[in-house]
Structures are given as structure tokens and as C-alpha cells.
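Biologist: Please take one part of this model and look at it closely, in words a first-year student can follow, and then show how the rest of the chain can be read in the same way.

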Amino acid sequence: MSSESICHKCNEVITHRIITALGKTWHPEHFACKDCQLPIEEATFNIHEGEPVCSKCFLKNYSGKCYGCKQPILERTIKALGQTWHEQCFCCDGPCRKPLVGSSFYEREGKAYCKNDFEQLFAARCAGCTKPITENAIVALDAKWHRECFKCKKCANPITAATFTVEENKPVCTECTA
């Protein structure tokens, strides 16, 4: 019984050098990339649909591209906003540009933002202090207010009662109205 090796590509007997890969045997010149047909001479190669692929073709045809930098992704990836990113490319779209890997983020119009930049850029502003409102707000006088900023125009005490009067579009508590 003969234990001859047969080349996977040409079905001829291999008599000299042999390449064994993917459970098959090959003449060295026949161990080729399934896409470009060039012999694979590197020590490492990629596999696509059970066939060998050279590194150049694998990068061109099969590796994902980063949505941020448009370069191939060869290491860990981030899937966010329906896209694929390098970890270092998935950053806040606000002024800080901080990486968002491993942290929560806010989305607006397909862009990612850290909490601080999102609030600074998009949160409603308090009519009293003009800072972003991130918790519950009081809605009065056609504006939004932090609870602690909704104060009487005269005595500066917070207005907690349901009724108040208005002078020059500012609230006045019932004590100062009497």
C-alpha cells in the first residue's frame, strides 16, 4: 500500500517538498491564495470558506473597515451606532474627543457623545442659571428651570407653591405679592 501524498490542487503525486495545511497536502507552488491565485509564501495565512487567502487579499476583501478611519480592522472591534470601529477610533464627537470604549454614551443624529458633552451641547438650559438641565425641571413662564433656580424675583426664596405671580416675566412668591 502506498502512502503517497496527492496535491489538493493538481491531484498529482507530491515527490519533493510538501505543504500540509487545512487537512490537505499541496505542492508549494500550488498552495495559493483563492483570490489572487499567487502562491502563499508567508508562514501565516488566512482562511476564507475553507480555502487559503494571502494577507493582502484578506485585508482587501474580507476584513472589516473602521467607520472612523476607514482602515482595516485586524484586532478587537467596537460595534456601535450600526458601524464597526477600532477601539481607539470610537470617540466622543463633542469637544472633548475622549475615547468611549467601555463607557456609556449618548447618540444624536448618528454621532456618539459622552454624558458631559451631550449635556453641554444639547440639554435644555435653565432660564435662571443657563446651565444644562439634566434632572427634573420646572416648566413655567414658557421656560425650563432647575428646581433650585425657580426663585422669587424679590426675596430670592425658592418658589414651592403651585401659585405665584409674575412681574417682568419673573416669578414672585405669594408672600412678596401680598
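Modeller: What follows starts with one helix, moves on to the aromatic rings, and ends with two residues in an annotated stretch.

The model is predicted, so to speak of local features a pLDDT of at least 70 is needed and side-chain atom pairs count only at pLDDT 80 or more, while totals for chains, interfaces and linings use all residues. Residues are numbered from 1 along each chain as its sequence is written, and side-chain values use heavy atoms, with hydrogens and water left out.

The part to look at closely is helix α2, which covers residues 115–122 and includes E119; helices (H or I, at least four residues) and strands (E, at least two) are DSSP runs, numbered from the N terminus. Within α2, the residues D117, F118 and E119 are buried, where buried means under 20% relative accessible area, exposed means over 50%, and partly exposed lies in between (1.4 Å probe, protein chains only). The cover over the buried residues of α2 includes the strands β9 (106–108) and β10 (111–113).

E119 deserves a slower look, because its relative accessible area of 16% places it among the buried residues. Its side chain makes a polar contact of 2.7 Å with the side chain of K115, a polar contact being a pair of N or O atoms within 3.5 Å, where within protein one must be able to donate a hydrogen and the other to accept it, and where residues adjacent in sequence count only if both atoms are side-chain atoms. An α-helix has 3.6 residues a turn, so residues three or four places apart point the same way. When neighbours within four places in sequence are set aside, E119 is in contact with R125, P132 and T134, contact meaning heavy atoms within 4.5 Å. In the loop between α2 and β11 (138–140) one finds T130, whose phi is near 70°, a positive value in a residue other than glycine. T130 is exposed, because its relative accessible area is 53%.

F118 of the helix leads to the aromatic rings. In the whole structure, a search finds 12 aromatic pairs, where rings of Phe, Tyr and Trp (its six-membered ring) pair if their centres lie within 6.5 Å, and planes under 30 degrees apart count as stacked, over 60 as edge-to-face and the rest as tilted. One of these pairs is F31 with F45, which is edge-to-face, with 5.1 Å from centre to centre and 80° between the planes. F31 in the loop between β4 and β5 and F45 in the loop between β4 and β5 are 14 residues apart. At 4% relative accessibility F31 counts as buried, whereas F45, at 26%, counts as partly exposed. The rings of Y106 and F118 have centres 4.9 Å apart and planes at 15°, and so this pair is stacked. It joins distant parts of the chain, with Y106 in strand β9 and F118 in helix α2, 12 residues apart. Y106 is partly exposed, at 31% relative accessible area, and F118 is buried, at 18%.

Elsewhere, strands β7 (residues 77–80) and β8 (residues 83–86) pair in the antiparallel sense over four bridges; strands pair if DSSP finds at least two bridges between them. A80 stands opposite Q83 in β8, and the two strands form a hairpin with two residues between them, where L81 in the turn has a positive phi of about 55°.

Finally, an unreviewed UniProt entry lists residues 5–64 and 124–178 as "domain: LIM zinc-binding"; the positions are in the numbering used here, feature names are shortened, and annotations may be inferred rather than shown by experiment. Over residues 5–64 the chain is 12% helix and 27% strand, with the end C-alpha atoms 37 Å apart. H27, in the loop between β4 (24–26) and β5 (46–48), is buried because its relative accessibility is 13%. Its side chain reaches the backbone oxygen of V13 at 3.4 Å, and, leaving aside neighbours within four places in sequence, H27 is in contact with C7, C10, E12, V13 and I14. V53, in strand β6 (residues 51–53), is buried at 0% relative accessible area. Not counting residues up to four places away in sequence, V53 touches several others, among them C33, I40, F45 and Y62.
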